[in-house]
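Biologist: I would like to go through the labels attached to this model and hear the reason for each one. Please set each value against its cut-off.

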Amino acid sequence: MNTWDNGFRGKPGQGMSHTLSFGGAASFFRVPYQADITGVDVVVTGVPLDIATTNRSGARLGPRAIRNASLSLAWERPWPWNIDPMTALRVIDCGDCEPVTDDLLSVAHIEAHIANIIGAGAAALVLGGDHFVAYPSLRAHAAVHGPISLIHFDAHTDTWPSSGNGINHGTMFYQATHEGIVNPASSTQIGIRTTNDDTLGFHIVSAADVHQTTGRDIASQIHERVGEKPVYITFDIDCLDPAFAPGTGTPVPGGLSSFQALSIIRELKGINLIGMDVVEVAPAYDHAEITALAAAQIAVELLCLYAESHRQRN
């Protein structure tokens, strides 16, 4: 029997352990695959959808790529955190949200999937998929917490008005704002470097702003804006410069380095974090899995932030 295969034989809360990075079940950071979501703190789930893209498709393969890349990192707690999120939290990987056959862009089935996780008393870490998947996730969270403060890492604001009858991965936060799901007055968008003259009241920290200051200073702005309000973090991997994340559908030069993004996340300790996602990894355009690796690192540091923030608040 393979005793090292944590994906099938591990237990929630067992912590990170040194396992083969090149074999075994490719669960997120070797946490156990588990259909039963009762009694856990965080449920990792993929939403492999990319038909809301407006440029290059392929993000439907993102959840698998992020899980695969996470295996090479799953041997000790993330540096420089003093907390092992897999010990501090009971984390499982419940697999992916299955698309419905009659309407692949259905909001309802994704929203219901996330609502089921929240209803079981767990937080959701969502692996995309294109950025549209954040919209039904936010709907599920707002149904419990009311209007959400959004911390949004991206090259694009994604607040353009919808054209036609539907919404896509560039319009869903316009929709969420007008539905009252997101409160822009307490929300911040980081890494923006595309033109949208109507900010809808979001606080914009452009990529140029990030390059000219420190992660601590930017985090201080975010802390002041969100206060104690419930916060959802959404991280579009194209927030990073294409040098660090080429494997995405709409890359834009001039973005953040991996270090800059992680520096901001590490300084957000103490926020009232209720949910999170990492989206838009399109492995067909990746090189040497560097985009998927960056996404896996960001995702596990969001888990560290969740564990640390909730420890401070409890």
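Modeller: Arg64 is a good place to begin: its relative accessibility is 60%, and it counts as exposed because exposed means over 50%. Its place is in helix α2. The model is a predicted one.

Biologist: What makes α2 largely enclosed by the rest of the structure?

Modeller: The count of buried residues does, since 7 of the 9 residues of α2 are buried and the helix is therefore largely enclosed. Those buried residues are Gly62, Pro63, Ala65, Ile66, Arg67, Ala69 and Ser70. Arg64 is also 9.4 Å from Asp96, C-alpha to C-alpha, with the two positions 32 residues apart in sequence numbering.

Biologist: How much of the protein is buried, and how many helices and strands are there?

Modeller: Buried residues account for 59% of the 314 residues. The protein has 10 helices and 8 strands. Of the contacts between residues at least 6 apart in sequence, 77% join residues at least 24 apart.

Biologist: The UniProt record has a feature called "binding site"; which residues does it name?

Modeller: The unreviewed UniProt entry places "binding site" at His131, Asp154, His156, Asp158, Asp236 and Asp238. They span 108 residues in sequence, yet no two of their C-alpha atoms are more than 12.2 Å apart, so they gather at one spot. The annotation comes from the record and may be inferred rather than shown by experiment.

Biologist: Why is Asp154 called buried?

Modeller: Its relative accessible area is 0%, and buried means under 20%, so Asp154 is buried. Asp154 lies in the loop between β4 (149–153) and α6 (172–178).

Biologist: What does Asp154 touch, leaving out residues up to four places away in sequence?

Modeller: Asp154 touches His131, Ile190, Gly191, Ile192, Arg193, Asp236, Asp238 and Cys239. Among them, His131, Asp236 and Asp238 are also named in the UniProt feature.

Biologist: Is Glu280 buried or exposed?

Modeller: Glu280 is buried, because its relative accessibility is 2% and the limit is under 20%. Glu280 is found in the loop between β8 (272–279) and α10 (290–313). Leaving aside neighbours within four places in sequence, the contacts of Glu280 include Gly129, Asp130, His131, His169 and Asp236. Glu280 and Phe235 are 45 residues apart in sequence, with 8.7 Å between their C-alpha atoms.

Biologist: How many disulfides are counted, and by what rule?

Modeller: The count is 0 disulfides. A pair would need its cysteine sulfur atoms within 2.5 Å, so a count of 0 means that no pair meets this rule. As for accessibility, Cys239 is buried at a relative accessible area of 0%, and Cys304 also counts as buried at 0%.

Biologist: Which peptide bonds are cis here?

Modeller: The bond from Trp79 to Pro80 is cis, with omega near 5°. Pro80 lies in the loop between α2 (62–70) and α3 (85–88). A cis bond also joins Gly128 and Gly129, where omega is about 20°. Gly129 lies in the loop between β3 (123–128) and α5 (134–145).

Biologist: Why do such bonds get a remark?

Modeller: Because most peptide bonds are trans, and most residues other than glycine have a negative phi. On the second point, Phe29 has a positive phi of about 50° although it is not a glycine. Arg30 has a positive phi too, near 65°.

Biologist: Where do Phe29 and Arg30 lie?

Modeller: Phe29 lies in the loop between α1 (6–9) and β1 (42–47), and Arg30 lies in the loop between α1 and β1. Phe29 is at 3% relative accessibility, under the 20% limit, and so counts as buried. Arg30 has a relative accessible area of 2% and is therefore buried as well.

Biologist: How many cavities of 30 Å³ or more does a search of the whole structure find?

Modeller: The search finds 2 cavities. The second largest cavity holds about 30 Å³ of space. Its lining is formed by Val47, Pro48, Leu49, Cys97, Glu98, Pro99 and His109.

Biologist: How do the lining residues of the second largest cavity divide by type?

Modeller: They divide into 5 nonpolar, 1 polar and 1 charged. Glu counts as charged, so Glu98 is the charged residue in this lining.

Notes. Residues are numbered from 1 along each chain as its sequence is written. This is a predicted model: local features need pLDDT of at least 70, side-chain atom pairs count only at pLDDT 80 or more; totals for chains, interfaces and linings use all residues. Side-chain values use heavy atoms; hydrogens and water are left out. Buried means under 20% relative accessible area, exposed over 50%, partly exposed in between (1.4 Å probe, protein chains only). On a 1 Å grid over the protein atoms alone, a cavity is a set of points where a 1.4 Å probe fits but cannot get out, and a pocket is an open set with protein on both sides within 12 Å along at least five of seven lines; lining residues have an atom within 4 Å of a point. Grid points are joined across faces, edges and corners, and a volume is the space filled by probe spheres set on the points. Helices (H or I, at least four residues) and strands (E, at least two) are DSSP runs, numbered from the N terminus. Contact means heavy atoms within 4.5 Å.
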